[in-house]
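Q: I would like to learn how to read the pockets and the sheet of a protein model, one feature at a time. Could you take me through them with the structure in front of us?

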Amino acid sequence: MRLGGCLLLLLVGYAGLARAVIYPLPTGSNTLVGVIRYTTANREDTLAEIARNNDIGYDALRLANPHVDAWLPQAGASVLLPSEYILPDARRQGIVINLPAMRLFYYPPNGKEVQTFPIGVGREGWNTPVGSTQIVAKVPNPTWTPPASVRAEHAEAGDPLPAVVAAGPDNPLGQYALRLAWPGYLIHGTNKPFGVGMRVSHGCIRLLPQDIKVLFAQVHPGTRVQVVDQPWLWGHRDGHYYLQVFPALQPNGAAQLTKFHTWLEKTVPAGLQVSWEQAAKIYETADGVPTLVAIASPNPG
């Protein structure tokens with residue numbers, strides 16, 4: 001089992017459902033939080049159910065367990081929970097969303113901790129935008145006004161939508177929505193939690209119902225939101241260096257491998273030896289699990 005930093009699990013009691021996993025914010029140059037954990041599959045489990053029960057995105061769990069059957073895991077099978085994270089290379093303020101990781105990180109104003117949640121993001125052709133924005137409104141029990149393009153798509157599929165979907169169990173926004181300054185984009189809940197941790201939305205950021213409840217209670221209009229596209233993450237924890245690779249949103253074959261090589265050369269600290277063969281293997285596997293690639297030599301004396 002991989003060992004990591006301290007983990008503080010805080011269960012926030014909103015009707016016994018909501019929860020938040022809170023990690024102490026790393027100090028100095030450290031960038032890893034959490035620790036890899038394992039669970040045992042029961043007879044009736046699926047990877048989707050294990051993911052939701054452990055606040056892990058479905059794709060993240062599937063990538064970390066390529067030899068486990070997604071629909072019929074063998075009873076007693078060990079399932080790796082990828083609950084160790086390299087923080088995105090972004091200002092530790094407000095909300096930071098890393099699209100390839102399909103993960104949201106929230107830095108409360110106290111500057112002492114970070115919370116993280118799995119998310120669903122825009123599917124191909126409906127990409128979630130990258131850049132900086134902010135929350136402009138909090139909307140409990142939102143109604144949904146589908147844009148014309150979405151209504152046309154549903155109509156073509158034989159599933160017509162009304163002009164306005166009322167709040168309630170049939171509303172795809174769930175019970176809470178955070179409106180962004182980008183017109184038409186939201187961070188919201190869902191009535192289809194199986195899509196969290198996958199590229200399934202029309203560009204909005206989708207959270208599990210219990211997670212959006214926790215986030216909604218803490219943030220306010222004006223909260224900064226940064227959306228980044230970082231499939232490659234370089235992490236450091238107390239002299240140990242890690243590489244974490246997720247599948248790219250828009251894979252580009254050999255050109256992308258060359259870009260990764262260039263990124264790695266620029267990122268590795270001077271004097272630190274990293275095996276390119278090992279790094280290339282991590283790149284090809286792209287399982288989203290931080291992997292130890294180097295240990296700094298202790299200073300003499």
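Q: Which element gives the largest share of the lining of the largest pocket?

A: The general idea is that rolling a probe the size of a water molecule over the atoms shows where empty space is left. In this predicted model, the largest share of the lining of the largest pocket comes from helix 3, which gives four residues. Helix 3 spans 148–156, and strand 12 (186–188) and strand 13 (199–201) likewise each supply at least two residues of that lining.

Q: What volume does the largest pocket have, and which residues are closest to its centre?

A: The largest pocket holds about 780 Å³ of space. Its lining is made of 35 residues, and those closest to the centre are Trp-144, Val-150, Pro-172, Leu-173 and His-202. When the residues of this lining are sorted by character, 16 are nonpolar, twelve are polar and seven are charged.

Q: How should I read the second largest pocket, and which residues lie nearest its centre?

A: You can follow the steps used above, beginning with the volume, which is about 490 Å³ for the second largest pocket. There are 22 residues in its lining, and Asp-229, Gln-230, Pro-231, Trp-232 and Trp-263 lie nearest the centre. Helix 5 (253–267) and strand 16 (232–237) each supply at least two residues of the lining, with helix 5 giving the most, namely five residues. By character, the lining of the second largest pocket divides into twelve nonpolar, six polar and four charged residues.

Q: In what order do the strands of the open sheet lie, and is their pairing parallel or antiparallel?

A: In general, the strands of a sheet pair through backbone hydrogen bonds, and they do so either parallel or antiparallel. Here three strands form an open sheet in the order 16-17-18, and the pairing is antiparallel. Strand 16 and strand 18 (291–295) are the edge strands, each of them pairing on one side only. On average, neighbouring strands of this sheet are turned by 30° against each other, if direction is ignored.

Q: How many bridges join strand 16 to strand 17?

A: Strand 16 and strand 17 (residues 240–245) run antiparallel and are joined by six bridges. To follow one pair in the structure, look for Arg-237, whose bridge partner in strand 17 is His-240.

Q: Which strands does helix 5 lie across, and which does helix 6 lie across?

A: Helix 5 lies across strand 16 and strand 17, and it runs at about 25° to strand 16. Helix 6 (residues 276–285) lies across strand 16, strand 17 and strand 18, running at about 160° to strand 18.

Key: Residues numbered from 1 in each chain as written. Predicted model: local features only at pLDDT ≥ 70, side-chain atom pairs only at ≥ 80, totals over all residues. Heavy atoms only, no water. 1 Å grid on protein atoms, 1.4 Å probe; cavity = no way out; pocket = protein on both sides within 12 Å on 5 of 7 lines; lining within 4 Å. Points joined across faces, edges and corners; volume = space filled by probe spheres on them. Nonpolar A, V, L, I, M, F, W, Y, C, P; charged D, E, K, R; others polar. Pairing = 2+ DSSP bridges. Axes fitted to C-alpha atoms, helices over the stretch in contact; angles between N-to-C directions. Contact = heavy atoms within 4.5 Å.
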